[in-house]
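Dear colleague,

Please find the structure below, handed over for your own inspection. My findings follow it.

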Amino acid sequence: MSNVLVLPILIPLITAVILIFFKEKVRIQRGLSIVSGILTIMVAGLLVARVHAEGIQTLHMGGWVPPYGIVFVGDMFAVLLVMAASLVSFAILLYSFSSIGEKRERFYYYTFFQFLLVGVYGSFLTGDIFNLFVFFEVMLISSYALISLGGTKLQLRETSKYLLINIVSSTLFVAAVAYLYAAVGTLNMAQLSQRISEAGQGGVLNVIAVLFLIVFSLKAGLFLFFWLPGSYSAPPAAVRALFGALLTKVGLYAIIRSFTLLFVNDPGFTQSWIAWMAAATMILGGLGAVAYKDIPRILNYNVIISVGFVAFGLAAGTADSLNGAVFYLLHDMLAKGLMFILGGIIISAAGTDRLGGMGGMIKKYPFIGWMFFILALALTGIPPLSGFAGKVLIIRGALDAGMLPLSLVALGSSFLVLYSLIKVFRLAFWGNEPDTVPPKVSIKGASAVAAGLLVLVIAIGIGAESVYTYVSQAGEVLASPAQYIEAVMKE
């Protein structure tokens, strides 16, 4: 057993509780949050190294052996996501210092920020499906506070919609967990996999599988994304970055974990559903990205496209496509965090989020403009940037699985990503300046944060072979769930 597994959850949890007592001390809140972020990154790095060297790590709370009690499991897939989440959340935290505003900082912004991370890390590391629900709720309750913090009319309207959708999905989640427990008599993921396999997936278990798919798709924005473009446009840029980089990825993680570990015995049924939902998501997300002319919605629809792309890798179900889904997910967490940070900087500098009111910004902010251009290439999958390796693996795996039409859809979505982001680059940074030019704003701190994330995006691409060593270890467990089951049930 490894007690280190629980530290990514405990560190932000303890930090969040302490921050409650420093409501008016913004500098103390910032300092404690920085220390918490650094400690979490160090622990995440330790977990990645330990899993790489020793294999899957487990922690049975209170010494209760499976399937009894609470278990935390750290396979390479989970700990890589913890590592990526800790890096991008730390960057967003630093960006918050210069963008969120002191008024929000004094209303428990950093407290809710830390509680949200508790839910994110807990979702990645939990080994039973009921506690997955618990950590989802911790994450969502924190997101309710963050999306409404500031109280603008747009925020309150979108918060109502966001709240309603997530209440519905959480209710369905509880119902799905109850039906699953009634069908197989356990909630431990490893034992669930065993018992579903013994029962033979079909009939009622397929219905339960579809119910879980609906629940997690609502949370990830897979096909059922109608709530996302508006809701993610409402809060400040730092909160949009946090949501776009992490929240949908937790939903994707839940889909991947469920349909590589639990519901794996009828792939012709479940993978077909996921494949066509992924295709529809990429198409509709791409159309939305090219149709709109305000930066928040363009960026939000790009989040939707990437959700479809990762789900497509899962649907293909080959070793290459699963490795590609893991690789692309890591890339996308960092790249989407950077995308929203750069989008926030552009909006702040232009004084508007409408592309029609921008132009000529390359003269004042050339560094931001060229960073955004490089990011657009990375998100499209241009080598040697980070998006390339994951996309190649997914497409190659899908072609091996005989999914040529959907592979063409996936490639087409990459062109829509490129078009939508180059549209932002062209209209915001080139052409004539608008008649009313806002004064130049100071973006040194935000630019430094963005540059740090861009370095990571480039490094992952250039060092793709080294990263693949870890990614392939994660993909191996996804392709062979027996390894996960053995690691959890061995004691």
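Val 471 is buried in this predicted model, because its relative accessibility is 0% and the cut-off for a buried residue is under 20%. The residue belongs to helix H19. Apart from neighbours up to four places away in sequence, Val 471 is in contact with Leu 80, Asn 323, Val 326, Phe 327 and Leu 330. Its C-alpha atom is 7.5 Å from that of Phe 77, although 394 residues separate the two along the chain.

Tyr 470 is also found in helix H19. Tyr 470 is classed as partly exposed because its relative accessible area is 30%, a value between the limits of 20% and 50%. Its contacts, again leaving out residues up to four places away in sequence, are Val 48, His 52, Met 76 and Leu 80. Leu 80 is thus touched by Tyr 470 and is likewise in contact with Val 471. Between the C-alpha atoms of Tyr 470 and Val 326 there are 9.9 Å, with these positions 144 residues apart along the chain.

Leu 80 appears again in the second largest pocket, where Leu 80, Met 83, Leu 330, Ile 460 and Val 467 are the residues nearest the centre, out of 13 that line it. Helices H3, H14, H18 and H19 (464–479) each give two or more residues to this lining. H3 provides the largest share, four residues. The volume of the second largest pocket is about 290 Å³. Its lining comprises 13 nonpolar residues, with no polar and no charged ones.

The largest pocket holds about 350 Å³ of space. It is lined by 22 residues, and those closest to its centre are Tyr 95, Ser 98, Ser 99, Gly 344 and Ser 348. At least two lining residues come from each of H3, H7, H11 (237–262), H14 and H18 (444–462). In composition, the lining of the largest pocket has twelve nonpolar, eight polar and two charged residues.

Turning to enclosed space, there are five cavities of 30 Å³ or more. The second largest cavity contains about 80 Å³. Ser 36, Gly 37, Ser 89, Gln 114 and Leu 117 lie nearest its centre, among 13 lining residues. Helices H2 (26–54), H3 (76–99) and H5 (109–125) each contribute at least two residues to the lining of this cavity. Six of the lining residues are nonpolar and seven are polar, and none is charged.

Helix H2 also carries Thr 40. Thr 40 counts as buried because its relative accessibility is 3%, where buried means under 20%. Beyond its neighbours within four places in sequence, Thr 40 is in contact with Ile 11, Pro 12, Ser 86 and Tyr 121.

Ile 11 and Pro 12 are among the buried residues of helix H1, together with Pro 8, Ile 9, Thr 15, Ala 16 and Leu 19. These buried residues pack against H2, strand S2 (71–74), H3, H5 and helix H6 (129–148). H1 covers residues 7–19, and its 13 residues should span 18 Å at 1.5 Å a residue; the end C-alpha atoms are 18 Å apart, so the two values agree.

A second helix can be examined in the same manner. Helix H7 (residues 153–184) has 32 residues and extends 47 Å from its first C-alpha to its last, close to the expected 46 Å at 1.5 Å a residue. Gly 185 follows H7 and has a positive phi, near 80 degrees.

Finally, the nonpolar core. The largest one has 186 residues, and those with the most contacts inside it are Leu 116, Leu 180, Phe 212, Leu 246 and Phe 312. Helix H14 (residues 319–350) supplies the largest share of this core, 20 residues. Leu 116 touches Leu 246, and its other contacts are Met 139, Ser 142, Ser 143, Leu 146, Leu 242, Phe 243 and Leu 247, residues up to four places away in sequence not being counted.

Yours sincerely

Methods. Residues are numbered from 1 along each chain as its sequence is written. This is a predicted model: local features need pLDDT of at least 70, side-chain atom pairs count only at pLDDT 80 or more; totals for chains, interfaces and linings use all residues. Side-chain values use heavy atoms; hydrogens and water are left out. A nonpolar core is a set of buried Ala, Val, Leu, Ile, Met, Phe, Trp, Tyr and Cys residues joined through side-chain atoms within 4.5 Å. Buried means under 20% relative accessible area, exposed over 50%, partly exposed in between (1.4 Å probe, protein chains only). Contact means heavy atoms within 4.5 Å. The expected span of a helix is 1.5 Å times one less than its number of residues. On a 1 Å grid over the protein atoms alone, a cavity is a set of points where a 1.4 Å probe fits but cannot get out, and a pocket is an open set with protein on both sides within 12 Å along at least five of seven lines; lining residues have an atom within 4 Å of a point. Grid points are joined across faces, edges and corners, and a volume is the space filled by probe spheres set on the points. Ala, Val, Leu, Ile, Met, Phe, Trp, Tyr, Cys and Pro count as nonpolar, Asp, Glu, Lys and Arg as charged, and the others, Gly among them, as polar.
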